[in-house]
Amino acid sequence: MTVLKQKPLFSTTASESASVSGIFISDAYDGGNIELVESTSGNDDELASVSLKIKSDPYTELEKKNHFQYFSFRSSVNAPGKVRYSVDNAGDASYAVAWDESTVFYSKSLNDPHSWMRKLDTTFHDGKLTWSHDHDSQGSMYFCYFPPFSYDRHLDLIEKCAKHATVSTLIQSLDGRDIECVTAGSGDLSCWIIHRQHPGEHMAEFFAEGLLTRLLGLDTDGDVDGLVRQLLTKYTFHIVPNMNPDGALRGHLRTNACGANLNREWADSEGYTAPSLERSPEVKGVLDKMDEVGCDVFLDIHGDEVLPYNFLAQSVVPNWGPRLESLHGAFLAAYCRANPDMQQKYGYEAQKFKDGDNLNIASDQVAARFDCLSVTLEMPFKDCWSNPNPERGWSPARAGKLGASALNALMYIHPYLRSNDDVWKELPEKDAYVTPTSKYK
């Protein structure tokens, strides 16, 4: 296994500036990402200020760009006082339009996912993302785009799962980390659920944690509810909690250790071979196993920077028709009934497959390869406008609950997935497919 040289975890700090202002900025922890540009001390007329830059992912060969948007850092102050923070390169981020309506998270406790709150004074103006914080005592405060799901937390989740399910390593990442798959159930249908192809989308692994907690009874010593008991006789689950541990540890937004966007690595492109052991072993290991055991339903769990809603993105494949459309509609409708944080109206604009289109996105490749219901589930970085909560916004806790609720929708759709009948004629009107729109304002 090729092990890539790890980039320095410590940011390049302006030490002289920090010593004058008494404000010290660090991203020297799992998933941290920021660079200090300058910090200045305050006076009677002006707040103390900190200017920052988000570090970029490695260059993505296929997309010909350096992605960046996710940030997470620690600010330590030597005396109480109010500080103005500014991310100066926010306007050049991968999804700069997403900063409108976004609010920065803050917490004193990095590893407590329920301690994070939102900075309601966050603004985006002239290409800069700014907010202020009143440090009421000396010490540290963490700020981030979304609360981190650390690698230690991931390993703890895997350890808990191994007590109640089969945990296998499908392959290792470029940096030598295991890509684990949790297998549970004895049903005839194979359900694959993968998470966090894009490492900065931390909500995806909180979704996995909530899903696995309910499916395996992780908080009840394996004692699960009646729906789950039935579900485990209908499906064999194959769940990958973290597809991209290298990128997650490095604080990347979208890429693995070498700069591959894993959700563009599921098929060859012109002049570009994928997946490959050299560039995307994480995808190759999962796809090889999927070919071995089959797939009857597939969920790929993500976070979306722009839309303030949870939604499902449909596959864009040559075999899209009444069957897949009706399965998508019924699954989504059932999900909305199980948890009103999911909704049908807003999402990516529906597209039709055209000759020459590439199937290098996971949900597209799987839908075409296995002729099955295959969706990309997106959660917001922003507040969830279906059920707003400005102080917390979309949060780790709600992502976990949405993961647990997915099991209800999977129970409902099970009889139709491989039915030989015309399922679009059998399903009730309440399950009808709804064409989404991205125009939410």
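In this predicted model, strands S8 and S9 form a hairpin with two residues between them. Asp126 lies in the turn and has a positive phi of about 55 degrees. The two strands run antiparallel and are joined by three bridges. One of the bridge pairs sets His125 against Lys128 in S9.

The hairpin belongs to a wider arrangement. S8 and S9 are part of an open sheet of five strands, in the order S2-S3-S5-S9-S8, with mixed pairing. Strand S2 (35–40) and strand S8 (123–125) stand at the edges, each with a single partner strand, so one side of each has no neighbour in the sheet. Neighbouring strands of this sheet are turned by 25 degrees against each other on average, direction ignored.

Within this sheet, strand S9 spans residues 128–135. Six of its eight residues are buried, so S9 is largely enclosed by the rest of the structure. S9 is joined to S5 by seven bridges, and this pair runs antiparallel. Here Arg84 stands opposite Ser132 in S9. Arg84 also has a partner in another strand. It is the bridge partner, in S5, of Ser49. Strand S3 (residues 48–53) and strand S5 (residues 81–87) run parallel and are joined by five bridges.

Another open sheet also has five strands, in the order S1-S4-S10-S6-S7, and its pairing is antiparallel. The edge positions are held by strand S1 (23–26) and strand S7 (117–119). Each has a single partner strand, so one side of each is left without a neighbour in the sheet. The average turn between neighbouring strands of this sheet is 30 degrees, direction ignored. S1 pairs with strand S4 (residues 72–77) in the antiparallel sense over four bridges. Ile23 stands opposite Val77 in S4.

Further along the chain, strand S15 covers residues 297–304. Eight of its eight residues are buried, so S15 is largely enclosed by the rest of the structure. Both faces are covered. On one side lie Val297, Leu299, Ile301 and Gly303, and on the other Phe298, Asp300, His302 and Asp304. S15 has parallel pairings with two strands. Strand S13 (residues 189–195) pairs with S15 over five bridges in the parallel sense. Eight bridges join S15 to strand S17 (residues 373–380), again in parallel. Ile301 takes part in both pairings. His195 stands opposite Ile301, and Leu377 is the bridge partner of Ile301 in S17.

S15 and S17 also contribute to open space at the protein. The largest pocket has a volume of about 670 Å³. Of the 28 residues that line this pocket, the closest to its centre are Arg264, Tyr348, Gln351, Ile361 and Asp364. S15, S16, helix H8 (362–370) and S17 are the elements that give two or more residues to the lining. By class, the lining of the largest pocket comprises nine nonpolar, ten polar and nine charged residues.

The second largest pocket holds about 280 Å³ of space. Of its 14 lining residues, those closest to the centre are Glu209, Gly210, Thr213, Ala397 and Gly400. H3 and helix H9 (396–413) each supply at least two residues of the lining. The lining of the second largest pocket divides into five nonpolar, four polar and five charged residues.

Helix H3 (residues 203–216) has 14 residues. From first C-alpha to last, H3 reaches 20 Å, close to the 20 Å expected at 1.5 Å a residue. In H3, 14 of the 14 residues are buried, so the helix is largely enclosed by the rest of the structure. Gly217 follows H3 and has a positive phi, near 65 degrees.

Enclosed space was also searched for. The whole structure contains one cavity of 30 Å³ or more. The largest cavity has a volume of about 50 Å³. Its lining consists of Phe311, Leu312, Gln314, His328, Leu332, Gln343, Gln344, Tyr346, Tyr433, Val434 and Pro436. Strand S16 (311–314) and helix H7 (322–338) each supply at least two of the lining residues. S16 gives the most, with three residues. Seven residues of the cavity lining are nonpolar, four are polar and none is charged. S16 thus appears in the lining of the largest cavity and also in that of the largest pocket.

Technical notes
Residues are numbered from 1 along each chain as its sequence is written. This is a predicted model: local features need pLDDT of at least 70, side-chain atom pairs count only at pLDDT 80 or more; totals for chains, interfaces and linings use all residues. Side-chain values use heavy atoms; hydrogens and water are left out. The expected span of a helix is 1.5 Å times one less than its number of residues. Buried means under 20% relative accessible area, exposed over 50%, partly exposed in between (1.4 Å probe, protein chains only). On a 1 Å grid over the protein atoms alone, a cavity is a set of points where a 1.4 Å probe fits but cannot get out, and a pocket is an open set with protein on both sides within 12 Å along at least five of seven lines; lining residues have an atom within 4 Å of a point. Grid points are joined across faces, edges and corners, and a volume is the space filled by probe spheres set on the points. Ala, Val, Leu, Ile, Met, Phe, Trp, Tyr, Cys and Pro count as nonpolar, Asp, Glu, Lys and Arg as charged, and the others, Gly among them, as polar. Two strands pair if DSSP finds at least two bridges between them. Axes are lines fitted to C-alpha atoms, for helices over the stretch in contact, and angles run from 0 to 180 degrees between N-to-C directions.
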